[in-house]
Amino acid sequence: MRRRIQGLHEADQTAMAKVRDGLLLVRIERAHHRWDSRKPFYLLRFSILEPKELTGHSVAGRLYCTPRALWKLNWFLRDFGYDAELLGQDEIDDKNLVGLRGVVKISHVVVNGTSLLNLDGFAPAGQWERLSSALPASAAHSEVTP
């Protein structure tokens, strides 16, 4: 029996090593809310649009929905251009997230032997040129100062 498992080839750690810490212009490919009694979160899969050498790769990360983390979720939604009316009503529609574009600052961390991707910051997609050109070429993926 043959099965197709979407994203299996992306699980290769050598492919993930190509995506260094820093700024990426991305598009949301998938968004799923995961309920956990202590830490509900959104699991997001981003398709990388820029920098060009990473176009076609994807990264996945979590945004938590706990009361202490709502500021970050709100920041993400605003900068990625989520529907202001739905946001004003405290509603998130997973389908409305797919296709949104923006800039994300990522970093990698290892916790208990598991490599995790942190979503450290966000900006509207329109700021990509300014943010990416403000960094020296050697630092374009390593350190960002707002």
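**Reading the labels on this model**

E91 sits in the loop between α3 (84–88) and α4 (94–97). This is a predicted model, where local features need pLDDT of at least 70, side-chain atom pairs count only at pLDDT 80 or more, and totals for chains, interfaces and linings use all residues. Residues are numbered from 1 along each chain as its sequence is written, and side-chain values use heavy atoms, with hydrogens and water left out.

Me: Why is E91 called partly exposed?
Reply: Buried means under 20% relative accessible area, exposed means over 50%, and partly exposed is in between (1.4 Å probe, protein chains only). E91 has 39% relative accessibility, so partly exposed is the label that fits.

Me: And why does R38 count as exposed?
Reply: R38 is in the loop between β1 (22–34) and β2 (41–50). Its relative accessibility is 71%, and therefore R38 counts as exposed.

Me: What makes S107 buried?
Reply: S107 belongs to strand β4 (residues 101–111). With 15% relative accessibility, S107 falls on the buried side, so that is its label.

Me: How do you know that the side chain of S107 makes a polar contact with the side chain of D120?
Reply: A polar contact is a pair of N or O atoms within 3.5 Å; within protein, one must be able to donate a hydrogen and the other to accept it, and residues adjacent in sequence count only if both atoms are side-chain atoms. The S107 and D120 side chains make theirs at 2.6 Å.

Me: How much of the protein is buried?
Reply: Happily, that is a single figure: 37% of the 146 residues.

Notes: Helix = DSSP H or I, 4+ residues; strand = E, 2+ residues; numbered from the N terminus.
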